[in-house]
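Hi,

Here is the structure I said I would pass on. Have a look at it first, and then read my notes underneath.

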Amino acid sequence: MDPVSLLKKYYGYDSFRKGQREIIDAILCGRDVLGIMPTGGGKSICYQIPALILEGVTLVISPLISLMKDQVDTLKEYGIAAELINSTLSNQEFREIIECARNGQYKLLYVAPERLETDSFIQLAQEIPISMVAVDEAHCVSQWGHDFRPSYRRIYSMIERLPKRPIVTAFTATATMQVKADIVQLLDLYQPFEYVSSFDRSNLYFEVRKPNNKLQEVQAYLSEHRGESGIIYCATRKNVDELCERLNYLGVVATKYHAGLSDEERTQNQESFLLDEVPLIIATNAFGMGIDKPNVRFVIHYNMPKNMEGYYQEAGRAGRDGDNAECILLFSTQDIMTNRYLIEKGSDSGRMVEYEKLNSMVDYCNTGGCLRSFILKYFGEGGLEKSCDNCGNCNSDIEETDITIEAQKILSCVKRMHEKFGATQVADVLKGANTQ
Ligand code: ADP
């Protein structure tokens with residue numbers, strides 16, 4: 001069956017999105033692929049449809065067990081033969097899956113990267129015909145990414161041990177130069193067909209606010225957006241708990257999500273948000289991977305995240321349905337301190353990279369230029385020619401004036417007063433006040 005018929009038959013969609021068709025055609029010609037698309041862009045279909053057409057099994061490597069489980073469940077619902085191998089399987093289950101895989105019962109086999117080097121898995125991989133290895137969230141292979149997973153480095157050695165080299169495809173939403181180069185090199189992609197779709201999400205409005213009181217700011221925002229579905233991200237679990245409690249106390253219906261809650265509570269809270277029983281969820285960055293809720297109308301960051309990759313991924317959960325949505329970041333200088341502290345607390349390796357990324361994040365918060373252009377440039381796309389008319393800076397009525405001379409005068413005065421006086425006296429001197 002051809003790709004379009006399969007798209008219709010299994011997924012119920014009439015046409016491919018931009019890029020999907022090109023990627024699928026390249027794979028069907030036997031080429032390796034590097035596909036870079038923003039979250040929600042539709043990467044899965046790019047390898048799932050070729051998997052159905054190619055002879056043999058496609059191995060899909062993905063970093064998160066919960067994500068894989070959701071994907072496999074969805075595929076099974078569509079009637080596609082897919083299964084999942086991870087560390088939660090019992091020996092008995094693992095043996096059954098291996099048996100079925102040997103009998104050629106699957107088209108897609110999802111594998112956790114930790115599994116790749118186990119003898120039982122390597123043995124299986126050598127016995128079954130593997131047509132393709134698809135690496136999801138491929139940036140995890142790079143230390144320059146925001147989510148390095150050492151286990152991703154095993155993918156290459158697993159491929160090397162296969163009797164016949166399969167097609168290797170890699171997909172990610174992170175496209176900085178270093179990450180791209182690392183993916184190609186560390187997964188050993190052979191002259192890959194590269195597809196980079198634009199990262200621009202024109203329906204998203206971006207704004208940075210610097211309120212004196214974040215709680216009041218959020219309250220005011222929520223009262224203007226009553227009933228709309230939204231996410232508020234906070235930097236820490238403690239912030240999540242506190243904000244949720246305060247808002248609940250103020251009569252706002254909201255639930256919460258972070259890694260400190262029990263599995264049961266987390267699942268329940270997530271469900272009630274996804275099913276629109278509760279419009280608002282307050283969460284740490286633990287929330288959202290693999291979440292595909294179309295009608296999120298706003299994403300507020302209560303704290304500045306530590307890098308643009310994380311920010312854009314989280315903010316990008318707004319407006320998946322293509323309708324207008326807002327991404328508001330509430331900045332305070334305290335957020336810089338918090339992130340510095342977190343970086344210092346983390347491992348030594350990669351600290352410099354993290355500081356560099358943090359600096360870019362701070363630049364985003366302080367730029368007077370177009371926020372969308374800033375984002376696109378950061379992800380290697382080159383900015384927009386003119387203002388985007390859909391971000392806080394392009395829409396602001398603040399006028400820019402050059403105050404270099406005034407600033408020089410002020411600093412010079414401070415210096416000549418031997419840096420001993422406060423703002424009031426300095427201002428008096430500059431104005432020539434008639435005081436002693
Ligand atoms: P990604 O992995 O890039 O974040 P997904 O593969 O999860 O994105 O796709 C995001 C959403 O877009 C899913 O709900 C998917 O069903 C939908 N989608 C993908 N391709 C198409 C298409 N050609 N037409 C309509 N919807 C699509």
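Below is what turned up, starting with a sheet and ending with a pocket.

Before that, a word on conventions. This is a predicted model, so local features need pLDDT of at least 70 and side-chain atom pairs count only at pLDDT 80 or more, while totals for chains, interfaces and linings use all residues. Residues are numbered from 1 along each chain as its sequence is written, and side-chain values use heavy atoms, with hydrogens and water left out.

Helices (H or I, at least four residues) and strands (E, at least two) are DSSP runs, numbered from the N terminus. Two strands pair if DSSP finds at least two bridges between them. On that basis, 6 strands make an open, parallel sheet in the order β8-β13-β12-β9-β11-β10. At its edges are β8 and β10 (254-257), each with a single partner strand, so one side of each has no neighbour in the sheet. From one strand to the next, the twist averages 15 degrees (axes are lines fitted to C-alpha atoms, and angles run from 0 to 180 degrees between N-to-C directions).

Strand β12 (residues 298-301) is a good place to zoom in. Phe298 and Ile300 point one way from β12, Val299 and His301 the other, and all are buried (under 20% relative accessible area with a 1.4 Å probe, protein chains only). Strand β9 (residues 230-233) runs parallel to β12, joined by 4 bridges, and Ile232 has Ile300 as its bridge partner. β12 also pairs with β13 (residues 325-330) in the parallel sense, again over 4 bridges; here His301 is partnered with Leu329.

Now the second largest pocket (an open set of points on a 1 Å grid where a 1.4 Å probe fits, with protein on both sides within 12 Å along at least five of seven lines). About 390 Å³ of space lies in this pocket, counted as the space filled by probe spheres set on the points. Its lining is 15 residues (each with an atom within 4 Å of a point), and Gly368, Gly392, Asn393, Ser396 and Ile398 lie nearest the centre. β8 gives the largest share of that lining, 3 residues.

Cheers

Key: Buried < 20%, exposed > 50% of the residue type's maximum accessible area, 1.4 Å probe, protein only.
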